[in-house]
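The exercises below are meant to be worked with the sequence and the coordinates open side by side. Each task is followed by a solution that proceeds step by step.

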Amino acid sequence: QVSDECREVLNSTRTLTCYVETLPFECPVDADLRACIRFDEDVAGTYLDCSGNSNTVHHTNGALVPGISNLAASGIPTATYQMADSASLDLTSAMTIEAWVRLDSLPSSGRVGIMDNDGQYGISVHEGTGLRCTNGISSLPHIPVSTGVWFHMACVWDGTTLGLYLDGTPVAKMSSTGTMATTNTNQVSLLSSSRAVNERVNGALDNLRVWHSSRTRAQICADAGLDCVYTVGLADSW
């Protein structure tokens, strides 16, 4: 359904401008949604997954801080956040990883992990170069990101192209074909790389969604509650 604001601009200029109200974070009923974590409530040392796949985040010394829609997981040095290995998190033919992230500082050396499904796919921040996402087949170029502010990121793969969106805007893409690995049985780490390396984020993570599908730009903007401006029919043009 197109809002009145969108319809008025659409009829006059063929440019669609959508002003999306920031709504409470929701987890839709969708078979492709494999994890959906709000980080709004600590339930006996866990943050529940409302996708229906029971990919609960278990934490040790985790802490909640003010986030985008309510609370967010804090990347304090003593905390670990992990999801158990699950077949539902094996994204073989397509993927979208969406989340709101705040980086309070960039790594002084090496990298830190935002999400790391060890050997399969992940998103990390690298010293002096920025944000990078990988599907285990290919890794995008590093994209600079700001510190001290919340931003929405989405790493998307449709089977042929791997891309990164920041605040609903496509910022990097590359050709990427093949089948993603599924043999890893290690836990999925959040706000850190894999437990063996343990490279932790100084910041916070909120409203995480993992999809076994490639979300469009319009869907990503709607998921994030962002304002989107793009030409009709060219919503996903790079």
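Rings of Phe, Tyr and Trp, the last represented by its six-membered ring, pair if their centres lie within 6.5 Å, and planes under 30 degrees apart count as stacked, over 60 as edge-to-face and the rest as tilted. The model used throughout is a predicted one.

**Exercise 1. Aromatic rings**

Task: Count the aromatic pairs under this rule, and classify the pair formed by Phe39 and Tyr47.

Solution: Applying the rule gives two aromatic pairs. For Phe39 and Tyr47, the ring centres are 5.6 Å apart and the planes meet at 65 degrees, so the pair is edge-to-face. Turning to burial, both Phe39 and Tyr47 are buried. Ring pairs then link Phe39 and Tyr47 with Tyr81 in a cluster. A separate search for a charge over a ring finds the charged end of Arg215 above the ring of Trp211, at 3.7 Å from the ring centre.

**Exercise 2. The nonpolar core**

Task: Determine which residues touch the most other members of the largest nonpolar core, and which strand gives the largest share of this core.

Solution: The largest nonpolar core has 43 residues, and those touching the most other members are Phe39, Met95, Met115, Tyr121, Leu131, Leu190 and Leu208. Strand E8, spanning residues 95-103, supplies the largest share of this core with five residues. Taking Leu190 as an example and setting aside neighbours within four places in sequence, one finds contacts with Phe39, Val57, Tyr81, Met83, Ile114, Met115, Leu205 and Leu208. As background, nonpolar side chains in soluble globular proteins tend to be buried together. Over the protein as a whole, 49% of the 238 residues are buried.

**Exercise 3. A residue in a loop**

Task: Locate Met180 relative to the strands, decide whether Met180 is buried or exposed, and list what Met180 touches beyond four places in sequence.

Solution: Met180 belongs to the loop between strand E14 (169-175) and strand E15 (188-190). The relative accessible area of Met180 is 3%, so Met180 is buried, the cut-off being under 20%. The C-alpha atoms of Met180 and Gly136 are 6.2 Å apart, although 44 residues separate the two in sequence. Once residues up to four places away are excluded, Met180 touches Leu91, Thr92, Met95, Gln120, Tyr121, Asn135, Ile137 and Trp157.

**Exercise 4. Strand pairing around E6**

Task: Among the 17 strands and two helices of the protein, trace how E6 pairs with E5 and with E16.

Solution: Strand E5 (residues 64-66) and strand E6 (residues 71-74) run antiparallel and are joined by three bridges, with Val65 opposite Ala72 of E6. The connection from E5 to E6 is a hairpin of four residues. E6 also pairs with strand E16 (residues 203-211), again in the antiparallel sense, over two bridges. In this pairing, Ser74 has Ala204 of E16 as its bridge partner.

**Exercise 5. Positive phi values**

Task: Compare the settings of Leu191 and Asn207, and give the phi value of Leu191 and of Asn207.

Solution: The background expectation is that most residues other than glycine have a negative phi. Leu191 nevertheless has a positive phi near 55 degrees, and Asn207 has a positive phi near 50 degrees. Leu191 lies in the loop between E15 and E16, whereas Asn207 lies in strand E16 itself. Leu191 is buried at a relative accessible area of 4%, and Asn207 is buried at 6%.

Definitions and conventions
Residues numbered from 1 in each chain as written. Predicted model: local features only at pLDDT ≥ 70, side-chain atom pairs only at ≥ 80, totals over all residues. Heavy atoms only, no water. Core = buried A, V, L, I, M, F, W, Y, C linked by side-chain atoms within 4.5 Å. Buried < 20%, exposed > 50% of the residue type's maximum accessible area, 1.4 Å probe, protein only. Contact = heavy atoms within 4.5 Å. Pairing = 2+ DSSP bridges. Lys NZ or Arg CZ within 6 Å of the ring centre and 35° of its normal.
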